[in-house]
Amino acid sequence: MKKSVNIDEKIGATKFFVDEEYAHLKIKSPEVCHNCLSKPCLNFCPAGVYRFSDNKLVVSYQACLECGSCRVGCPFMNIHWDYPRGGFGVSYKFG
Ligand code: SF4
Ligand code: SF4
């Protein structure tokens with residue numbers, strides 16, 4: 001019998017080395033986000049990095065799993081995405 005996988009548990013097992021001085025994800029133009037009606041980033045990010053709060057997009061780059069989806073998922077290419085600097089970012093534990 002197949003064992004089901006709990007994604008939240010898996011994500012909970014990851015470690016993050018947070019770079020407090022450099023955000024590797026940035027919104028290029030808040031105005032573009034304001035006019036983006038469907039806001040798909042609120043759904044495609046598996047880590048919930050993007051939230052809309054107080055009429056603006058909030059980016060919690062610290063929780064990024066580095067899956068790369070937002071490089072292609074934003075219909076307006078409004079997200080500047082880079083890898084975190086060396087020594088920072090997500091650390092996966094397999095098994
Ligand atoms: S999908 Fe892109 S343009 Fe739309 S709200 Fe998200 S980051 Fe902004
Ligand atoms: S790279 Fe993946 S986990 Fe990181 S913000 Fe983009 S969609 Fe979310």
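The shell around ligand 2 is made up of 10 nonpolar, 2 polar and 1 charged residues. That is in a predicted model. In total, 13 residues surround ligand 2. C45, C64, C67, C70 and W81 are the closest.

Ligand 1 also has 13 residues around it. Here the closest are C33, C36, P40, C41 and C74. Its shell divides into 11 nonpolar, 1 polar and 1 charged residues. Ligand 1 takes up the space of the largest cavity.

W81, one of the closest residues to ligand 2, also takes part in ring packing. The whole structure holds 1 aromatic pair. W81 and Y83 form this pair, and the geometry is edge-to-face. The ring centres lie 4.9 Å apart, with 75° between the planes.

H24 touches both W81 and Y83. Its other contacts beyond four places in sequence are Y61, C64, H80, D82 and P84. C64 is also among the closest residues to ligand 2. H24 sits in the loop between β1 (15-17) and β2 (25-27).

How does burial compare across these three residues?

| Residue | Relative accessible area | Class |
|---|---|---|
| H24 | 5% | buried |
| W81 | 7% | buried |
| Y83 | 52% | exposed |

H24 counts as buried because its 5% relative accessible area is under the 20% cut-off. W81 is buried for a like reason, at 7%. Its ring partner Y83 is exposed, because 52% is over the 50% limit. The aromatic pair therefore joins a buried residue, W81, to an exposed one, Y83.

Conventions. Residues numbered from 1 in each chain as written. Chains lettered and ligands numbered in written order. Predicted model: local features only at pLDDT ≥ 70, side-chain atom pairs only at ≥ 80, totals over all residues. Heavy atoms only, no water. Near = heavy atom within 4 Å. Nonpolar A, V, L, I, M, F, W, Y, C, P; charged D, E, K, R; others polar. Helix = DSSP H or I, 4+ residues; strand = E, 2+ residues; numbered from the N terminus. Buried < 20%, exposed > 50% of the residue type's maximum accessible area, 1.4 Å probe, protein only. Contact = heavy atoms within 4.5 Å. 1 Å grid on protein atoms, 1.4 Å probe; cavity = no way out; pocket = protein on both sides within 12 Å on 5 of 7 lines; lining within 4 Å. Sits in = over half its atoms within 2 Å of the grid points. Phe/Tyr/Trp six-rings, centres within 6.5 Å; stacked < 30°, edge-to-face > 60°.
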